[in-house]
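Trainee: Could you walk me through reading a few features off a model? I'd like the general idea, then the case at hand.

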Amino acid sequence: MWKVAMSEEVGKALQSVVERVNQAAARRTKTLPAVPPRLVAVSKTKPPEMVVEAYRQGQRNFGENYVNELVDKASDPLIQDSCPEIKWHFIGHLQKNNVNKLLGVPNLFLVETVDSAKLADKVNSSWQRVRGGGAQRLKVMVQLNTSGEQSKHGLPPEETVNTVKHIVSQCSALHFLGLMTIGSYGYDLSLGPNPDFQIEVGATNVRVGSVIFGNREYPNSAANTPNPSPAPSPEKTSKKVSEEAAKKMQRLTVSEH
């Protein structure tokens, strides 16, 4: 019963997101390139079964925030057997001591969070060593902190050009794909759509998480809560996820993760 409910909910949510993204892209001005946005389904904290279900619905690009979780999922037998064409995106803050572990992930497609020339150098040299000289260049994005929030990682905008030039000229194993930024969170939607989350301006990579998969459940959350309530039944959980996803879809303009 839970498997059927999960399949229906993920399928409906995914289809709805794809339609909204395509509609937003269609509203772009003709002066912008007509590049269909790539939808990245952010699957952090979600079980392999949900990844497989989204894959069965046609989704191919999936994003993970944590290196260890990505390593575990990418090597999961269910995902390896069921998702041969999966494309993994790393979308979290990357520390240099985790680079080698990340680059060993099978089907690693894109590292979206390069935020310094030093990190680019580390990824470049490690990719050459881990994958060998004959490997395809690794796709990367440079992460910018456009909102200026201290809680977010990313380059200050004024350092962007020099960092990109460094990657293009000095990192032969990397393929610079573009810029990535995370908009301000907590924007007052009564003022209209959050300008940081509009893809009409030409975004080509859109990340959506809980709208597709439902709210995230982090490990040990129940253990850290005094007198936790009993877990709801799968049927009730599915209904709750559906209702919450519907509310988010009403506000969704581009991405959240």
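Trainee: Which residues of α6 meet which residues of α7?
Mentor: This is a predicted model, so keep that in mind throughout. For a helix pair, start with the residues in contact: on the α6 side you have Ala117, Ala120, Asp121 and Asn124, and they meet Thr163, His166, Ile167 and Gln170 of α7.

Trainee: And at what angle do the two helices pack?
Mentor: Look at the axes next. Helix α6 covers residues 117-131 and helix α7 covers 160-170; their axes are 9 Å apart, at an angle of about 25°. Angles under 35 degrees count as roughly parallel, so α6 and α7 are roughly parallel to each other. The crossing of α6 past α7 is right-handed.

Trainee: Is Ile167 buried or exposed?
Mentor: Buried means under 20% relative accessible area. Ile167 in helix α7 has just 1%, so it's buried. Leaving out residues up to four places away in sequence, Ile167 touches Val114, Ala120, Val140, Val142, Leu174 and Phe176. Also compare sequence with space: Ile167 and Ser116 are 51 residues apart along the chain, and their C-alpha atoms are 9.6 Å apart.

Trainee: What does the side chain of Thr113 reach?
Mentor: With a polar side chain, check for a partner. Thr113 sits in strand β4, residues 108-114, and its side chain reaches the backbone oxygen of Gly92 at 2.6 Å. Thr113 has a relative accessible area of 1%, so it counts as buried. Its contacts, again skipping residues up to four places away, include Phe90, Ile91, Leu94, Met141 and Met180.

Trainee: How many disulfides are there?
Mentor: The test is a pair of cysteine sulfur atoms within 2.5 Å, and the count comes to zero. As for individual cysteines, Cys83 is buried at 1% relative accessibility, and Cys171 is buried at 2%.

Trainee: Where does phi of Thr45 lie?
Mentor: Most residues other than glycine have a negative phi, so a positive one deserves a look. Phi of Thr45 is near 70°, a positive value. Thr45 lies in the loop between β1 (38-42) and α2 (48-56), and at 22% relative accessibility it's partly exposed.

Trainee: And where is Asn107 found?
Mentor: Asn107 is in the loop between α5 (99-103) and β4. Its phi is near 65°, also positive in a residue other than glycine. With a relative accessible area of 37%, Asn107 is partly exposed.

Conventions: Residues numbered from 1 in each chain as written. Predicted model: local features only at pLDDT ≥ 70, side-chain atom pairs only at ≥ 80, totals over all residues. Heavy atoms only, no water. Helix = DSSP H or I, 4+ residues; strand = E, 2+ residues; numbered from the N terminus. Buried < 20%, exposed > 50% of the residue type's maximum accessible area, 1.4 Å probe, protein only. Polar contact = N/O pair within 3.5 Å; in protein donor to acceptor, adjacent residues only side chain to side chain. Contact = heavy atoms within 4.5 Å. Axes fitted to C-alpha atoms, helices over the stretch in contact; angles between N-to-C directions. Parallel < 35°, antiparallel > 145°, perpendicular 65-115°, else oblique. Left-handed = near helix turned anticlockwise from the far one by under 90°.
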